[in-house]
Amino acid sequence: MTGTLRLTALPDLPMVRAGDDLAALLQAGLDRAGLRPAPGDVLAVAQKVVSKAEGRSVPLASVTPSAAALRLAGETGKDPRLVELILSESVRVVRARPNLIIVEHRLGCVMANAGIDQSNLGQEGHALLLPVDPDASAARLAARLGLAVVITDSFGRAWRRGTVGVAIGAAGLPALLDLRGQPDLFGRTLQVSITGFADEIAAAAGLVMGQGAEGRPAVLLRGLAWEAPPLPASELIRSGAEDLFR
């Protein structure tokens with residue numbers, strides 16, 4: 001790693017709509033900021049604009065709740081149509097209480113409400129789902145823009161309050177950095193150290209993106225360095241065999 005990291009939000013990005021050429025919008029933002037891709041650059045992009053461009057917004061009026069959705073909606077007080085979408089994006093319900101459903105998403109993430117969001121959509125009565133394949137989405141953007149891309153989302157964490165940015169898609173960089181076998185400061189060989197590199201990038205970008213009305217869904221991080229081969233964000237998901245809490 002280098003000793004200095006610079007984060008720059010791309011200026012004046014328009015509201016993204018279904019079918020928009022997101023890569024072109026991001027390239028225009030880079031151009032406005034006078035930013036040309038350089039070694040070690042990473043563009044962090046909020047999941048919301050990726051999902052919008054990919055047409056993942058669903059009108060709730062088009063959703064018919066199942067019996068399971070109706071039961072869970074009764075337990076949680078949520079709109080049964082929204083619960084149906086949550087269940088359709090999930091492989092299991094982990095926990096539920098009034099106004100909250102924790103699920104294992106089909107992508108492997110354990111998260112609230114399957115990552116489905118209704119804020120900052122500009123479409124009343126719609127809900128926004130995660131991209132179908134965030135790693136593939138990141139790869140398409142990376143190929144068009146000529147730099148590494150991390151797609152970020154805000155997650156809560158078990159046993160800790162508050163949300164932080166995490167990577168749900170990555171391309172052009174290693175989502176994980178395996179430091180095992182390397183020496184520490186005093187020459188002791190590291191035995192278990194594996195860094196969630198893409199998650200660290202997402203969390204750093206979140207400080208600039210914000211969580212409300214900031215309107216800064218893309219942040220360029222400059223000053224990173226790595227030598228490991230690319231790994232997608234799906235590698236961040238702990239396998240069932242390694243999970244001590246199921």
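This is a short tutorial dialogue on reading the sheet, the salt bridges and the empty spaces of a predicted model.

Colleague: I'm new to this one. Where do I start with a sheet, and which strands make up the open sheet of three?

Modeller: The general idea is that strands of a sheet pair through backbone hydrogen bonds, either parallel or antiparallel. Here, the open sheet of three strands runs in the order β4-β5-β6, and its pairing is antiparallel.

Colleague: Which strands are at the edges?

Modeller: Those are β4 (90-97) and β6, each of which pairs on one side only. Going from one strand to the next, the twist averages 25 degrees.

Colleague: How many bridges hold β4 and β5 in their pairing?

Modeller: There are six bridges between β4 and β5, in the antiparallel sense. Strand β5 (residues 100-105) also pairs with β6 in the antiparallel sense, over three bridges.

Colleague: Can we follow one residue across? What stands opposite Ile102 in β5?

Modeller: Arg95 does. On the β6 side, Ile102 has Ala112 as its bridge partner. You can also pick out Glu104, whose bridge partner in β6 is Val110.

Colleague: And the turns? Which residue takes a positive phi in the hairpin of β4 and β5?

Modeller: Asn99, with a phi near 70 degrees, in a hairpin that has two residues between the strands. The hairpin of β5 and β6 has four residues between the strands, and there Gly108 takes a positive phi near 105 degrees.

Colleague: OK, on to salt bridges. What's the idea, and how many does a search of the whole structure find?

Modeller: Side chains of opposite charge can pair when their charged atoms come close. In this structure the search finds ten salt bridges.

Colleague: Show me one that links distant parts of the chain.

Modeller: Try Lys48 and Asp117, whose closest N and O atoms are 2.6 Å apart. Lys48 is in helix α2, while Asp117 is in the loop between β6 (110-112) and β7 (126-128), and the two are 69 residues apart.

Colleague: Is Lys48 buried or exposed?

Modeller: The cut-off for buried is under 20% relative accessible area, so Lys48, at 15%, counts as buried. Asp117 has 24%, which makes this residue partly exposed.

Colleague: What would an exposed partner look like? How does Arg36 come out?

Modeller: Exposed means over 50%, and Arg36 has a relative accessible area of 52%, so this residue is exposed. Arg36 forms a salt bridge with Asp31, with the closest N and O atoms 3.4 Å apart. Asp31 itself is partly exposed, at 38%.

Colleague: What about Asp79? Which residue is its salt-bridge partner?

Modeller: Arg81, with 2.7 Å between the closest N and O atoms. Asp79 counts as partly exposed at 26% relative accessibility, and Arg81 is partly exposed too, at 30%.

Colleague: Which residues are linked in a network of salt bridges?

Modeller: Arg56, Glu89 and Arg106 are linked that way.

Colleague: Last topic, empty space. How do I read it, and how many cavities of 30 Å³ or more are there?

Modeller: Rolling a probe the size of a water molecule over the atoms shows where empty space is left. The structure holds two cavities of 30 Å³ or more. The largest has about 40 Å³ of space.

Colleague: What lines the largest cavity?

Modeller: Leu13, Pro14, Val16, Leu22, Leu25, Leu26, Val49 and Pro217. By class that's eight nonpolar residues, with no polar and no charged ones. Helix α1 gives the most, with three residues.

Colleague: And the second largest cavity, what lines that one?

Modeller: Its volume is about 30 Å³, and Arg6, Thr8, Leu35, Leu220 and Arg222 line it. The lining divides into two nonpolar, one polar and two charged residues. Strands β1 (6-9) and β12 (218-222) each supply at least two of them.

Colleague: What about pockets? How much space lies in the second largest pocket?

Modeller: About 160 Å³. Its lining includes Asp20, Leu22, Glu54 and Arg144. The elements giving two or more residues are α1 (22-32), α2 (47-53) and α5 (134-145).

Colleague: Which element gives the largest share there, and what's the mix by class?

Modeller: Helix α5 gives the largest share, four residues. By class, the lining has five nonpolar, one polar and five charged residues.

Technical notes: Residues numbered from 1 in each chain as written. Predicted model: local features only at pLDDT ≥ 70, side-chain atom pairs only at ≥ 80, totals over all residues. Heavy atoms only, no water. 1 Å grid on protein atoms, 1.4 Å probe; cavity = no way out; pocket = protein on both sides within 12 Å on 5 of 7 lines; lining within 4 Å. Points joined across faces, edges and corners; volume = space filled by probe spheres on them. Nonpolar A, V, L, I, M, F, W, Y, C, P; charged D, E, K, R; others polar. Salt bridge = Lys/Arg side-chain N within 4 Å of Asp/Glu carboxyl O. Buried < 20%, exposed > 50% of the residue type's maximum accessible area, 1.4 Å probe, protein only. Pairing = 2+ DSSP bridges. Axes fitted to C-alpha atoms, helices over the stretch in contact; angles between N-to-C directions.
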